[in-house]
Amino acid sequence: MAAPLTSHVAREVLVFEVGGQRYGLPTADVRELVRAVTITPLPNAPAAIEGVVNVRGSVLPVLDVRARFRLPPKALDPSDHFIVASAGPRGVILRVDRATHLALVDEAAVQPPQTLGPSATYVAGVAKLDGGLVLIHDLTTFLSAAEAASLEEAFSAPA
């Protein structure tokens, strides 16, 4: 009797580092990877926003990944990378220390975020890759509803 066929679904993830920690973002959410440039402060933006950057004519908010994950602040460095991504309908940027590689992650091997406890609000799952665990992020949950509304207000405020 033949063994039952199992279907493995894999997801491609961009692996990046912030503060010595490894994280991942589904490539379906990634638009491009660019070198870091000066971030312009956005008055009245929520604390989760570092500021804004103009990327090819589009002004996009830079999400403060370090603050969100309780990592110490770090001055912008020319070697930093910006991950231009989608958080639902909105374009956003993540400032990361560096993007390291693309990884193919077997969906069956991704642990649900509930295994991490209450701090897993912004995490879609945990994957074991070569070299250790990677927290895979869900950008649609990065900003709370109140923060998203505050960001919209900051963007629509007169200059």
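Contacts across long stretches of sequence are common in this protein chain: among those between residues at least 6 apart, 60% join residues at least 24 apart. The model is predicted. The chain holds two helices and 10 strands. From the N terminus on, the elements run β-β-β-β-β-α-β-β-β-β-β-α.

**Burial and surface**

- The protein chain has 159 residues, and 42% of them count as buried.
- About 8900 Å² of the protein chain is exposed.
- Carbon and sulfur atoms supply 57% of that exposed area.

**Sheet with β3 and β4 at its edges**

- Five strands make an open sheet in the order β3-β6-β7-β5-β4. The pairing is mixed.
- The edge strands are β3 (30-35) and β4 (49-55). Each of them pairs on one side only.
- From one strand to the next, the twist averages 30 degrees.
- Helix α2 (residues 145-156) packs on this sheet. The helix touches β4, β5 (58-63) and β7. The direction of α2 makes about 145 degrees with that of β5.
- Seven bridges pair strand β6 (residues 81-87) with strand β7 (residues 90-96) in the antiparallel sense.
- Ser86 has Gly91, in β7, as its bridge partner.

**Sheet with β8 and β9 at its edges**

- An open sheet of five strands has the order β8-β1-β2-β10-β9. Its pairing is mixed.
- β8 (98-106) and β9 (123-129) each have a single partner strand, so one side of each is left without a neighbour in the sheet.
- On average, neighbouring strands of this sheet are turned by 35 degrees against each other, direction ignored.
- β9 and strand β10 (residues 132-137) run antiparallel and are joined by six bridges.
- Leu129 has Gly132, in β10, as its bridge partner.

**Aromatic rings**

- The whole structure contains two aromatic pairs.
- Tyr23 and Phe69 form a stacked pair. Their rings are 5.6 Å apart centre to centre, with 25 degrees between the planes.
- Tyr23 lies in strand β2 (residues 21-26), and Phe69 in the loop between α1 (65-68) and β6, so the pair ties together parts that are 46 residues apart in sequence.
- Tyr23 and Phe69 are both buried.
- Ring pairs also bring in Phe16, linking Phe16, Tyr23 and Phe69 into a cluster.

**A charge over a ring**

- The charged end of Arg90 sits over the ring of Phe155. The distance to the ring centre is 4.8 Å.
- Arg90 falls within the residue range of β7 (90-96), and Phe155 within that of helix α2 (145-156).

**Two arginines with positive phi**

- Most residues other than glycine have a negative phi.
- Arg56 is not a glycine, yet its phi is positive, at about 50 degrees. Arg56 lies in the loop between β4 and β5.
- Arg56 has 66% relative accessibility, so it counts as exposed.
- Arg70 is not a glycine either, and its phi is positive, at about 55 degrees. Arg70 lies in the loop between α1 and β6.
- Arg70 has 73% relative accessibility, so it counts as exposed.
- Phe69 lies in that loop between α1 and β6 too, but Phe69 is buried.

Notes: Residues are numbered from 1 along each chain as its sequence is written. This is a predicted model: local features need pLDDT of at least 70, side-chain atom pairs count only at pLDDT 80 or more; totals for chains, interfaces and linings use all residues. Side-chain values use heavy atoms; hydrogens and water are left out. Two strands pair if DSSP finds at least two bridges between them. Helices (H or I, at least four residues) and strands (E, at least two) are DSSP runs, numbered from the N terminus. Axes are lines fitted to C-alpha atoms, for helices over the stretch in contact, and angles run from 0 to 180 degrees between N-to-C directions. Contact means heavy atoms within 4.5 Å. Buried means under 20% relative accessible area, exposed over 50%, partly exposed in between (1.4 Å probe, protein chains only). Accessible areas come from the Shrake-Rupley method with a 1.4 Å probe; for residues, only the protein chains shown count as cover. Rings of Phe, Tyr and Trp (its six-membered ring) pair if their centres lie within 6.5 Å; planes under 30 degrees apart count as stacked, over 60 as edge-to-face and the rest as tilted. A charge sits over a ring if NZ of Lys or CZ of Arg is within 6 Å of the ring centre and within 35 degrees of the ring normal.
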